[in-house]
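Q: I would like a close look at a single part of this protein, taken slowly and with the terms spelled out.

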Amino acid sequence: MPAIAKRSFELNEDIMATQSESTPDAVPSAGGSTPPRRRLRSNSSPMKLSPISKPMKLGSPRKRLSTCVNTQANGIEKYFTQKKVQTLCKSVEKSVEKPKWNPKDVKQISEVKEALHVSTVPSTVSCREDEQKRVLEFLKQCIEQEKAGSLYVCGCPGTGKSLSIEKVKQALVDWAGEAGFEEPDVLALNCSSLTKTSDMFTKILGKDQTPKEVKRKTSSLQLLQNLYSQKPLYSRRKMTLVIADELDFLITKDRVVLHDLFMLTTYQFSRCILIGVANAIDLADRFLPRLQSLNCKPMVITFRAYSYDQILRILQQRLITLPYTVFQPPALELCARKVAAASGDMRKALCICRSAIEILEAEVKEYAENLNSSSVVDAFFEQQTAPAPAPVVKKRETDVVTIGHMASALSKTFKSPVVDTIQSLPQHQQIILCSAVRLFRGKKKDSTVAQLNKSYIDICKSTFIPPVGIFEFSSMCRVLNDQGLLKLGGQSRDEKLKRVTMNAADEADITFALQGIRFFRNCLQ
């Protein structure tokens, strides 16, 4: 018998045997070739049932979980079901992108410019939570103990000092009402708006006394000193919070006004809490040395310059309220990186973004004018017998702020001679700078000319540009060294073994100078 027929015959026998086992009334086959049939549960005695012979019927896992509400398994299923729903919602939110804005719409342009304006106060001050917490804890302690105190807030321009103090002032008033303390009188003023520096004490006195009591021949400073030196006779005096912004405008030749202002918080019955805000970090050390000798030096809180991540986060939070996309993400990243490397001034970053929008707006208007002029030319040639020439108007690629618009806005703000030098270099020298950026992007600070040449050749091969020889490459490195962009060092006579490092040109300058060209943008990635 063939093997295939034999296998099919055996398979049929197995199927018949299985069917005979599953049928209660099946008759044994002749010859006893079939093994004895297994006893069915229906033939067994009811008194001899055991949990092994008759297992408990269980429903499906889903039914079992639904019947037992308080089981751990059901809680796990609910947890993962919620997780799946949350993950699905997040994926849907990510997939739904905002539509691009219309730069021709005057209403949208005004909304974007208002969102990026310096005077627009956001709902929350990001990246300054620690500083705000320290200021608020200091004020809470003064109010709880009914004790005067002084605080000096300093930092570079555009680091969120005034905005943070304004938020802390609102939080303090809310806390005092909730905690059951009497709300302090708040006097917030800009020292640059004072006609005379001594008017500062008149403003403070107006908060502590009524206008009838203020009209005296004694100066306001003497009245305040007498007021804070004596215990109140009739009622408890309220705490007064004085916020003096632009405090450096009170600096005079003899420094008397600034010194007397901080000394008001040292009197025994003083209820004055003074917060001075200025840019100078060492103002208290330079102009108030007597306070330190009297052990009355104010507490100092320094606001550091914003970093790249913080600037990018603040810009994104300002733009997230808009229902449309205005900037390409690389454009915002370039702005944040350049501003963080230069000064960390958030106000300058906002002005640069507004300038980039104005550049796009002018570009859209110019494109519309060219399109209208070309349509007029086409209408004129339609009336003539001669065919109309090909249109010259260049098609716009996008209506959002690109990295080219941002680079133009940055170049207007930061006039750097290094950037101008890099932009005027020949192409191969610019490629050498790009290869240096890629080579030193990690922790590596210096390398050899041979390794820099290898990085240069890799870029040339990837962009299908024929590289120059090693001798010409070495001479171009010497040119970049003479211009101060790279620095060659080492005592080796062999040009390949000389050490090379970045000099005046850093990664931010090279990226900013060459980012507007797509070829170099790909080289820097």
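What distance should the 17 residues of helix α5 span, and why?

A: This is a predicted model, in which local features need pLDDT of at least 70 and side-chain atom pairs count only at pLDDT 80 or more, while totals for chains, interfaces and linings use all residues. Residues are numbered from 1 along each chain as its sequence is written, and side-chain values use heavy atoms, with hydrogens and water left out.

Helix α5 covers residues 129–145; helices here are DSSP runs of H or I with at least four residues, and strands are runs of E with at least two, numbered from the N terminus. Because the expected span is 1.5 Å times one less than the number of residues, α5 should span 24 Å, and its end C-alpha atoms are indeed 24 Å apart. After the helix comes Glu 146, which has a positive phi, near 50°.

Among the residues of α5 that are buried are Val 135, Leu 136, Phe 138 and Leu 139, and also the polar-named Glu 131, Gln 132 and Lys 140; buried means under 20% relative accessible area, exposed over 50% and partly exposed in between, with a 1.4 Å probe and protein chains only. The buried residues of α5 pack against β1 (149–155), α6 (161–179), β3 (240–245), β4 (272–278) and β5 (299–303), where contact means heavy atoms within 4.5 Å.

Of these partners, β3 has six of its six residues buried, with Thr 240, Val 242 and Ala 244 on one side and Leu 241, Ile 243 and Asp 245 on the other.
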